[in-house]
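Me: I would like to go through a structure by question and answer. Please keep the replies short and end each on what was asked for.

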Amino acid sequence: MAKRIAIECSHAISLAAKLANVDVVAAYPITPQTHIVEKLSEYVADGELDAEYINVESEHSAMSACIGASAVGARVFTATAGQGLALMHEMLFIAAGNRLPIVMAVANRSLSPNLNIWGDQSDMMASKDCGWIQIYAENAQEVFDFTLQAFKIAEDERVMLPVAINFDGFYVTHVIEPIIALDQEEVKKFLPPRKIPSYALHPDHPTTWGPIGLPDVQTELKRQLEEALRNSKTVIKEVWKEFGDMFGRYYDFFEPYRLEDAEIAILMMGGHCGTARIAVDRLREKGEKVGLIKLRLFRPFPDEELIKLTKNLKVLAIVDKAFSPGGLGGPVFTEVKALFYNQKIKPEIVGFIAGLGGRDIRVDEFMVAVERAKKALMGEKIDKGFMFLQVRE
Amino acid sequence: MIEVRWHGRGGQGAVTAAEILAHAAINEGKYAQAFPSFGPERRGAPVLAFNRFDEKPIWTRSDVYEPDVVVVLDPTLLKTINVVEGLKPNGILILNTSKKPEEVKEKYGFKSNFAIVNATRIALDIIGVPIVNTSMLGAFVKATKILKLDSVLEVVKERFKGKIGERNINAVTRAYHETTIVG
């Protein structure tokens with residue numbers, strides 16, 4: 001029976017991986033991901049999880065080991081953060097291109113320099129083009145549920161893609177809070193063991209994976225990956241619906257909050273959406289028609305769905321916890337702007353960069369962002385359409 | 001919502017204390033958060049830990065800026081840190097001290113309500129080491145009445161097994177009884 005328990009978000013993801021009965025974990029510890037893999041190694045050492053825990057010398061090796069294990073048909077889990085994900089970068093593309101259903105937790109952390117162990121989304125965003133399904137969680141319950149769902153999505157024959165579950169370093173990873181935890185029987189019903197594909201690596205029928213891709217095939221291979229990602233939306237929806245029907249918690253690409261009659265909405269991913277909700281409440285008390293759109297799925301990007309959801313909005317204030325230096329703003333902001341370019345009716349789109357390197361985003365700062373975004377409607381535009389919200393000058 | 005800030009030194013168990021309270025509150029059916037101060041902690045250095053308690057789901061991920069309760073594990077922190085910073089006017093400060101209420105008032109000039117307990121004495125007597133976090137849990141329960149003593153003891157029992165568990169339970173209970181609430 002499902003049970004309400006207190007758990008650290010990091011441990012919620014370890015528990016989900018255990019309940020998913022993973023066969024192989026290969027990981028290298030790095031703050032703020034450490035608690036996830038510590039717990040998993042404890043499960044294996046205590047005999048609670050019958051899995052191969054591979055100690056590796058780097059994250060590059062961790063992902064390499066995951067790739068090998070997944071290619072033979074194992075259910076594979078890993079976790080990393082920040083510099084660790086950066087070191088994995090090369091192998092992330094190999095995992096996706098070889099269509100390996102690896103599930104990875106990313107405890108989002110800033111990239112050096114300066115040496116910063118704290119949270120923002122610049123690690124995953126630096127690898128956003130790796131071909132993985134990328135989901136962002138707000139809290140322990142989402143982290144737990146998304147991990148279980150991720151295996152089912154990844155291993156679906158129509159998908160066969162790796163999935164990254166992102167959640168903010170410290171602000172989410174290190175918080176103890178309540179979740180409804182499923183038990184082994186419930187998880188078994190939802191998530192049967194991985195079906196080993198006929199083409200899986202095996203000594204009895206050797207195959208070559210990822211050989212040279214000459215110019216005459218590379219385009220088609222990349223296009224296939226694009227199609228696989230696009231099509232995975234259907235399966236993600238199906239799996240989330242099935243999960244909801246079984247356990248009562250339904251998920252969608254977005255979680256709107258007080259959006260019905262809203263004219264302005266904050267759009268954001270991750271844990272700070274919780275704080276943004278309080279800012280929305282405060283502004284509503286003042287009579288402002290403000291709402292929030294929490295974006296859960298970054299890849300594949302839910303394009304049509306976002307257009308539909310925002311059709312009545314006048315202003316979209318997008319808060320990014322990452323940006324591209326010298327570029328046109330944060331990753332969600334630039335994505336959404338590109339999405340709306342060809343739309344006849346579109347909201348004013350204003351970008352904010354905040355919460356870098358673990359800086360808190362306070363309720364009043366969200367309120368400032370909304371106020372500033374509103375001014376864009378009156379013609380007071382921001383140069384290039386985006387700004388840093390929290391720079392001390 | 002009730003927000004709590006714990007002041008301790010690395011190794012005194014402030015983070016563990018906050019964790020125990022969150023577990024106890026959630027076991028009571030409440031909503032709660034516990035989180036550390038997100039830094040590279042070192043033994044002996046000042047550390048922070050936080051709690052939130054509510055009857056409804058807690059959304060905020062923000063730091064605690066205006067606590068309702070401040071708990072100080074180590075009285076020497078008062079020399080260098082303004083522990084009452086941001087404390088709400090009707091909030092309460094819970095202090096580990098060997099001083100009497102009048103002395104505390106005179107020495108530190110606290111305007112807020114406060115509660116005191118000689119947690120170092122209790123920890124030395126019962127546990128044998130000056131690790132005061134569990135004693136301060138007893139003081140917290142007495143001074144705030146947010147949680148039941150039994151639900152805190154239950155989690156302490158789960159967390160520390162055997163003799164250590166017994167000693168910590170005795171420390172919580174004795175501190176609960178010996179805590180004086182002032183103002």
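Me: In which loop is R99(A) found?
Reply: This is a predicted model, in which local features need pLDDT of at least 70, side-chain atom pairs count only at pLDDT 80 or more, and totals for chains, interfaces and linings use all residues. Residues are numbered from 1 along each chain as its sequence is written, and chains are lettered from A and ligands numbered from 1 in the order in which they are written. Helices (H or I, at least four residues) and strands (E, at least two) are DSSP runs numbered from the N terminus. On that numbering, R99(A) is in the loop between α4 (82-97) and β5 of chain A.

Me: Is R99(A) buried or exposed?
Reply: A residue is buried if 20 or more other C-beta atoms, placed from the backbone, lie within 10 Å of its own, exposed if 12 or fewer, and partly exposed in between. R99(A) has a positive phi of about 60° although it is not a glycine. Because 20 other C-beta atoms lie within 10 Å, R99(A) is buried.

Me: What is the class of N21(A), buried, exposed or partly exposed?
Reply: N21(A) is not a glycine either, yet has a positive phi of about 55°. The loop that holds N21(A) runs between α1 (9-19) and β2 of chain A. With 18 other C-beta atoms within 10 Å, N21(A) is therefore partly exposed.

Me: Which strands are the edges of the open sheet in chain A?
Reply: Two strands pair if DSSP finds at least two bridges between them. Seven strands form the open sheet, with mixed pairing, in the order β3-β2-β4-β5-β7-β6-β12 (chain A). Pairing on one side only marks the edge strands, β3 (52-55) and β12 (297-299) of chain A.

Me: Which residue of β5(A) stands opposite T78(A)?
Reply: Strands β4 (residues 76-80) and β5 (residues 103-108) of chain A run parallel and are joined by four bridges. Opposite T78(A) in β5(A) stands M104(A).

Me: Where is P32(A), which follows a cis peptide bond?
Reply: The bond from T31(A) to P32(A) is cis, with omega near 0°. P32(A) is placed in the loop between β2 (24-27) and α2 (34-45) of chain A.

Me: Which element gives the most to the side of chain A that touches chain B?
Reply: Residues are in contact if their C-beta atoms, placed from the backbone, lie within 7 Å. In these terms, 20 residues of chain A are in contact with 17 residues of chain B. The elements giving two or more residues to the chain A side are β8 (176-181) and α9 (273-285) of chain A. The most, four residues, comes from α9(A).

Technical notes. Two residues are in contact if their C-beta atoms, placed from the backbone, lie within 7 Å.
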